[in-house]
Amino acid sequence: MTAGGFDGVERRGLMFVLSSPSGAGKTTLSRMLLEREPGLKMSVSATTRSMRPGEVEGRDYFFVDKPKFETMVEQGELLEWATVFDNLYGTPRAPVEAALSAGQDVLFDIDWQGTQQLHQKASVDVVRVFILPPSAADLEKRLHTRAQDSDEVIRGRMSRATHELSHWAEYDYIVVNHNVDDAFAEVQSILKAERLKRERRTGLTEFVRKLQRQLEK
Ligand code: 5GP
């Protein structure tokens, strides 16, 4: 699991988790990160929920039925899984392991239940970021402008937001999304700083030894 550091120092790949109540802007922030951060790959989840307009199989999710999902669970194909809004969601293990061993970092858009499971399995390699909306009114407005869900679904998501919010203290970083550019800059800074953490940088000992040899000459 080594990623080539941009400064030539090898390091372990990291698992970068973004969670938030739906409508807090996490999808936009994920998209921006993927566009602007080389070496970062999205983990595409499997879900039993139905496809929304505009979504693409294999890009947004792998849309599967319940029996297929249950088989994936039984065969140990999921790194984590959870029930969210009465549907099943889970992270396929193989693509994550392949990306990490190919030297990439992996971005996850998963809820608090999945984050807890990932953290239990790979704590030092997991960076947990929670995105907060600036207000309840803002959250509701975003859910309506997204125009993907019925009023009833939106009401359900608003009431679930309260529960999701209660897990904020289980995250390493909290970003309040007042505006998307500032929130993006904050999330990007977190990623950049985490990539530099000493304990991930497996190549540091060798790098410093080389420096010392050069200095001794
Ligand atoms: P949506 O249906 O709006 O795409 O996603 C609903 C919620 O499920 C979001 O909070 C999202 O982060 C979460 N989610 C998506 N994929 C996964 C997954 O693979 N595992 C878990 N635990 N949560 C997921």
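**Exercise 1.** In this predicted model, classify aspartate 138 as buried or exposed, then describe its salt bridge.

*Solution.* Step 1: the relative accessible area of aspartate 138 is 16%. Step 2: buried means under 20%, so aspartate 138 is buried. Step 3: its salt-bridge partner is arginine 142, with the closest N and O atoms 2.7 Å apart. Step 4: arginine 142 has 23% relative accessibility and is therefore partly exposed. Step 5: both residues belong to helix 5 (residues 136-146) and are four residues apart, about one turn of the helix. Salt bridges with shared partners also join Arg11, Glu37, Asp105, Lys192 and Arg195 into one network.

**Exercise 2.** Which parts of the chain does the salt bridge between aspartate 125 and arginine 12 link?

*Solution.* Step 1: the two side chains meet at 2.9 Å, N to O. Step 2: aspartate 125 sits in the loop between helix 4 (112-122) and strand 10 (126-132), while arginine 12 is in strand 2 (residues 11-12). Step 3: the partners are 113 residues apart, so the pair links distant parts of the chain. Step 4: aspartate 125 is buried at 9% relative accessible area, whereas arginine 12 is partly exposed at 22%.

**Exercise 3.** Find how many cavities of 30 Å³ or more the whole structure holds, and characterise the lining of the largest cavity.

*Solution.* Step 1: the search returns one cavity. Step 2: the volume of the largest cavity is about 40 Å³. Step 3: its lining consists of Ser19, Ser20, Pro21, Asp111, Trp112, Phe130 and Glu164. Step 4: these lining residues divide into three nonpolar, two polar and two charged.

Conventions
Residues are numbered from 1 along each chain as its sequence is written. This is a predicted model: local features need pLDDT of at least 70, side-chain atom pairs count only at pLDDT 80 or more; totals for chains, interfaces and linings use all residues. Side-chain values use heavy atoms; hydrogens and water are left out. On a 1 Å grid over the protein atoms alone, a cavity is a set of points where a 1.4 Å probe fits but cannot get out, and a pocket is an open set with protein on both sides within 12 Å along at least five of seven lines; lining residues have an atom within 4 Å of a point. Grid points are joined across faces, edges and corners, and a volume is the space filled by probe spheres set on the points. Ala, Val, Leu, Ile, Met, Phe, Trp, Tyr, Cys and Pro count as nonpolar, Asp, Glu, Lys and Arg as charged, and the others, Gly among them, as polar. A salt bridge is a side-chain nitrogen of Lys or Arg within 4 Å of a carboxyl oxygen of Asp or Glu. Helices (H or I, at least four residues) and strands (E, at least two) are DSSP runs, numbered from the N terminus. Buried means under 20% relative accessible area, exposed over 50%, partly exposed in between (1.4 Å probe, protein chains only).
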